[in-house]
Amino acid sequence: MMRAGEGAIVGKLDDHLGGEVVRLRAELAKQERAMRAREEEFGRYILQLREGLRREKRHAAEVTHSYVAAVRALTNAVEARDAYTGKHAERVAAYGLELARIVDPALAEDPETEFGFLLHDVGKVAVPDAILHKPSALNRREMGVMRRHPVTGHEIVSHSDFLEGKAQGIVLYHHERWDGGGYPGGISRRDIPRAARIFAVADTLDAITSDRPYRAGASIDEAREEIARCSGTQFDPEAVEALMELPDDVLERIRSETVLLSVAAS
């Protein structure tokens, strides 16, 4: 049996515990309200972030399309002066991207690589028609003018903010040789940017397989043989090996359709 004094103590303890429970419940409810408020605030933040990302993506797409349009316009201006090459820039860009996917996939995914491939001959806009369309061999002075086109092209693209790296290197160095016998700088081996070394193989492939007024284009097999013969002298062996790996049907499709599956425009 509980004594009277003990009952009073227990009653006081019950009152105290009851008050503490009430206080704890109130504190818990307060924390739950604060948590819900934070969750709602976080939800609003996520929605704002998603909307911001959508706006940025739309803006980036618009900017990219503007860049592509600018590159296409420059490419068309060059090819309009030399119509017999017919879609040369698109073909070499398509060949080059296929080679780059084997040698360096990240390089192939960089829009600047494609831009540089397309704009490699932009400097020819400054070459006089008398030299550009001369049916016979160029003399020393004329050859000097022609060999200026990579430098002129580099000067043109260097004024474009979106052509700051790889594209400029391709335009400036696409006529350099692995053995150092190219132009305009006479640099060699890995001093030549990888994208420019890849492009040199693509450019020669198109030159050999394309029809010209004075000859019919050679076959893909003949082009492979000729390019392989120059591996380690004119061309980077790594880029040549990539060409050997590409299936004939891929190369023939590019040669016949001349349709570039653009990384930048996708």
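This is a short group-meeting talk on the fold and the salt bridges of one protein model.

Okay, hi everyone. Before anything else, keep in mind that what you're looking at is a predicted model.

Let's start with the overall picture. The protein has 12 helices and zero strands, so if you walk along from the N terminus you just read α, over and over, to the end of the list. There are 266 residues, and 37% of them are buried. On the surface side, the protein exposes about 15,400 Å², and carbon and sulfur atoms supply 55% of that area.

What about contacts along the chain? If you take the contacts with a separation of 6 or more, 66% of them are between residues 24 or more positions apart.

Now, the part I wanted to spend time on: salt bridges. How many turn up in a search of the whole structure? The search finds 13. I'll go through a few of them.

One of them pairs aspartate 110 with lysine 166, and their closest N and O atoms are 3.0 Å apart. Where do these two sit? Aspartate 110 is in the loop between α3 and α4, while lysine 166 is in helix α8. That's 56 residues apart, so this pair links distant parts of the chain. Both ends are partly exposed: aspartate 110 has 21% relative accessibility, and lysine 166 comes in at 36%. For aspartate 110, the cut-off for buried is under 20%, so 21% puts the residue in the partly exposed class.

Next up, aspartate 248 and arginine 224. Here the closest N and O atoms are 2.6 Å apart. This one goes from helix to helix: aspartate 248 belongs to α12, residues 248-257, and arginine 224 to α10, residues 220-229. The two are 24 residues apart, and again the pair links distant parts of the chain. Buried or exposed, for arginine 224? Buried, with a relative accessible area of 10%. Its partner, aspartate 248, is partly exposed at 39%.

Then there's lysine 134 with glutamate 142, where the closest N and O atoms are 2.6 Å apart. In this pair the acid is the buried end: glutamate 142 has 10% relative accessibility, whereas lysine 134 is partly exposed at 26%.

Last one, and this time it's a trio. Which residues are linked in a network of salt bridges? Those are Glu98, Arg101 and Arg253. Have a look at them in the viewer when you get a moment.

Okay, that's me done. Thanks, everyone!

Conventions: Residues numbered from 1 in each chain as written. Predicted model: local features only at pLDDT ≥ 70, side-chain atom pairs only at ≥ 80, totals over all residues. Heavy atoms only, no water. Helix = DSSP H or I, 4+ residues; strand = E, 2+ residues; numbered from the N terminus. Buried < 20%, exposed > 50% of the residue type's maximum accessible area, 1.4 Å probe, protein only. Contact = heavy atoms within 4.5 Å. Areas by Shrake-Rupley, 256 points an atom, 1.4 Å probe, with all protein chains shown as cover. Salt bridge = Lys/Arg side-chain N within 4 Å of Asp/Glu carboxyl O.
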